[in-house]
Amino acid sequence: MKHLTLDTTKHFELTPEQISTFQNSGYLVLPDKFTKEEVHQMQLEANRLLEFLINSSLANHRRSGRLDIKQLPSGKHIIRKIQPIVDISPKFSALAKDERLLTPLRQLQGEEPALMEEKFSYKQPLPEPIEGIEVHLADDRFLLHQDYNYHVQHGYRPDILTYGVVLDDCTLESGPLRVWPGTHRELIPHETVTIGNYRSYQVPESLINFQDAVDITVPRGTLLLFHDLLVHSSSVNRTQQPRRILFFSYCPTSTPIDFDTRNSPTRVAELSYESRYQMLKEQGLFTDTFRVPVLT
Ligand SMILES: O=C(O)CCC(=O)C(=O)O
């Protein structure tokens with residue numbers, strides 16, 4: 001088995017022009033930051049995590065609190081997101097400490113960054129519905145929002161920066177990240193909306209100029225960097241392939257709350273179910289049935 005070995009010596013510094021672009025636009029696109037082999041190893045780890053969470057859910061007859069899976073109006077299932085991640089993936093935990101990510105953060109935040117959230121958008125359609133766990137009726141889009149709208153509820157400051165590590169080519173058809181440059185200067189009050197059978201928040205469409213939107217269509221291996229207040233969204237993935245972006249968010253270490261405040265309750269709650277799943281497997285009382293389909 002190959003391991004995700006990251007060359008952490010590949011750190012780079014943002015140029016003064018990149019810093020100025022970030023300050024004006026609230027985001028940066030940093031191409032070619034990961035090699036083909038590194039991206040391939042990350043895709044394999046993404047598959048392993050998905051198999052772990054779906055099989056663990058089936059073993060416990062309960063959807064893992066980390067797993068965001070939706071049923072489309074067509075009846076098909078799609079993996080929207082998993083969150084949090086680093087406590088079940090030493091490989092992605094190592095990636096979160098890669099100097100390619102940390103050096104630019106030190107330049108922008110002026111101090112040592114601390115990981116405060118990780119989430120992994122999959123937008124991965126499944127060939128067969130998963131039977132035996134609760135799946136909400138909705139789709140894989142992400143509504144118009146600012147991440148800080150969620151973070152402020154836990155007491156974080158708005159000086160959080162997020163990376164997106166792009167693991168699949170993002171095309172207009174696959175639901176790329178869509179951003180509104182320059183919207184990172186203030187928090188916009190979000191409204192409550194109901195999608196299928198769950199509630200969420202969004203920036204009211206009347207407060208945004210749709211002509212200003214930029215679709216970030218980029219190849220795998222690209223690194224995105226954006227401000228916690230940047231308004232963004234993504235539409236549904238209309239392809240049959242996943243559109244995976246792994247997000248890591250960092251606050252400065254001077255942030256006066258526990259960095260993991262938002263995600264630690266999920267990590268703690270899931271641990272006992274994940275241990276039970278491993279135990280059932282070891283005792284021969286459960287056999288994995290879900291395998292990630294081989295991509296064409
Ligand atoms: O992956 C995407 O398209 C957007 C993800 C996102 O905005 C989020 O998880 O808050």
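Helix α4 (residues 99–109; helices here are DSSP runs of H or I with at least four residues, strands runs of E with at least two, numbered from the N terminus) has Arg100, Leu101, Pro104 and Leu105 buried, that is, with 20 or more other C-beta atoms, placed from the backbone, within 10 Å of their own. These four sit on the same side of α4, because they cover an arc of only 120° around the axis, judged by the directions from the helix axis to the C-beta atoms. An α-helix has 3.6 residues a turn, so residues three or four places apart point the same way. The cover over the buried residues of α4 includes β4, β7 (161–166), β12 (223–227) and β14 (245–252), with contact meaning C-beta atoms, placed from the backbone, within 7 Å. Just after α4, Gly110 adopts a positive phi of about 75°.

All of this comes from a predicted model, in which local features need pLDDT of at least 70 and side-chain atom pairs count only at pLDDT 80 or more, while totals for chains, interfaces and linings use all residues. Residues are numbered from 1 along each chain as its sequence is written.

Strand β4 turns up again at the ligand: β4 (113–125) and β13 (232–234) are the elements that give two or more residues to the shell around the ligand. Around the ligand lie Lys81, Lys119, Ser121, Phe142, Asp147, Leu177, His232, Ser234 and Ile245, each with its C-beta atom, placed from the backbone, within 6 Å of the ligand.

As for the whole protein chain, it has six helices and 14 strands, and buried residues make up 37% of its 296 residues.

Conventions: A residue is buried if 20 or more other C-beta atoms lie within 10 Å of its own, exposed if 12 or fewer, and partly exposed in between; C-beta atoms are placed from the backbone. Two residues are in contact if their C-beta atoms, placed from the backbone, lie within 7 Å.
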